[in-house]
Amino acid sequence: MTVWQKIRKILLGIAMILIGAALFIFGEEAYMAIIGFVSLALEIMGIRMLWFYFRMARHMVGGRSILFRGILFIDFGVFTGSLVWVPRMYVLIYLAGTLAFSGAVNIIGANEARGIQSSWKLKAFEGAVKVLIAVCCLIFMRSGARVVDICAVGFVFSAVMNIANAFRRQQVITID
């Protein structure tokens with residue numbers, strides 16, 4: 001990871017901590033903001049993937065999967081943004097499901113990393129906490145203020161993990 005990428009990750013983590021603090025302060029009134037943040041993040045991720053595809057990945061082996069994932073992220077972002085007028089229960093189930101899926105992907109990635117004797121403990125911890133936060137969201141679904149607080153905790157946790165990953169040494173696997 002280059003120095004610029006590390007600085008960008010740290011600044012993104014600090015911004016996420018500030019957003020998480022704002023979610024704590026505004027409580028249940030931040031419901032629309034959570035939907036907006038998730039929608040915007042998915043759309044930006046999709047646009048970045050499409051940009052990468054058209055700049056470089058179309059010449060790579062498996063580059064077409066990056067195109068499909070970019071389109072899929074943009075679709076999920078637009079879908080999430082359209083959930084503003086849907087009852088909150090369904091939106092919370094959707095957000096908790098995406099968080100649980102992300103945690104499951106982290107746990108599976110950690111298991112694969114463990115299989116090749118790479119560092120896996122931090123990734124497994126991150127996945128387990130994400131799944132735990134998703135379960136807590138489903139348990140306290142009736143209380144809007146609690147769910148916003150749980151989402152804020154998840155947001156701050158994600159920010160701290162981004163900052164921690166920026167300072168970690170990245171392993172490079174070489175093939176002889």
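**Exercise 1. Fold and overall dimensions**

What share of the contacts in the protein with a separation of 6 or more comes from residues 24 or more positions apart?

Solution. This is a predicted model, in which local features need pLDDT of at least 70 and side-chain atom pairs count only at pLDDT 80 or more, whereas totals for chains, interfaces and linings use all residues. Residues are numbered from 1 along each chain as its sequence is written, and side-chain values use heavy atoms, with hydrogens and water left out.

Taking contact to mean heavy atoms within 4.5 Å, residues 24 or more positions apart account for 69% of the contacts with a separation of 6 or more. The elements, defined as DSSP runs (helices: H or I, at least four residues; strands: E, at least two) numbered from the N terminus, amount to 6 helices and 0 strands, so the pattern along the sequence reads α-α-α-α-α-α. The radius of gyration, taken over C-alpha atoms, is 17 Å, which agrees with the value near 16 Å for a compact globule of 176 residues; the globule rule is 2.2 Å times the number of residues to the power 0.38.

**Exercise 2. Two helix positions**

Determine the surroundings of Ser39 and Gly103, and state whether each is buried or exposed.

Solution. Buried means under 20% relative accessible area, exposed over 50%, and partly exposed in between (1.4 Å probe, protein chains only). Ser39 belongs to helix H2 (residues 31–55) and is buried, because its relative accessible area is 7%. Leaving aside residues up to four places away in sequence, Ser39 touches Gly77, Thr80 and Gly81.

Gly103 lies in helix H4 (residues 88–115) and, at 0% relative accessibility, counts as buried. With the exclusion of residues up to four places away in sequence, Gly103 touches Gly127, Lys130 and Val131. The C-alpha atoms of Gly103 and Phe125, which are 22 residues apart along the chain, are separated by 9.3 Å.

**Exercise 3. The cysteines**

How many disulfides does the model contain?

Solution. A disulfide is a covalent bond between the sulfur atoms of two cysteines; here the criterion is a pair of cysteine sulfur atoms within 2.5 Å. By this rule the count is 0. Cys136 is in no disulfide, since the nearest cysteine sulfur, that of Cys137, is 7.3 Å away. As for accessibility, Cys136 is partly exposed at 26%, whereas Cys137 is buried at 6%.
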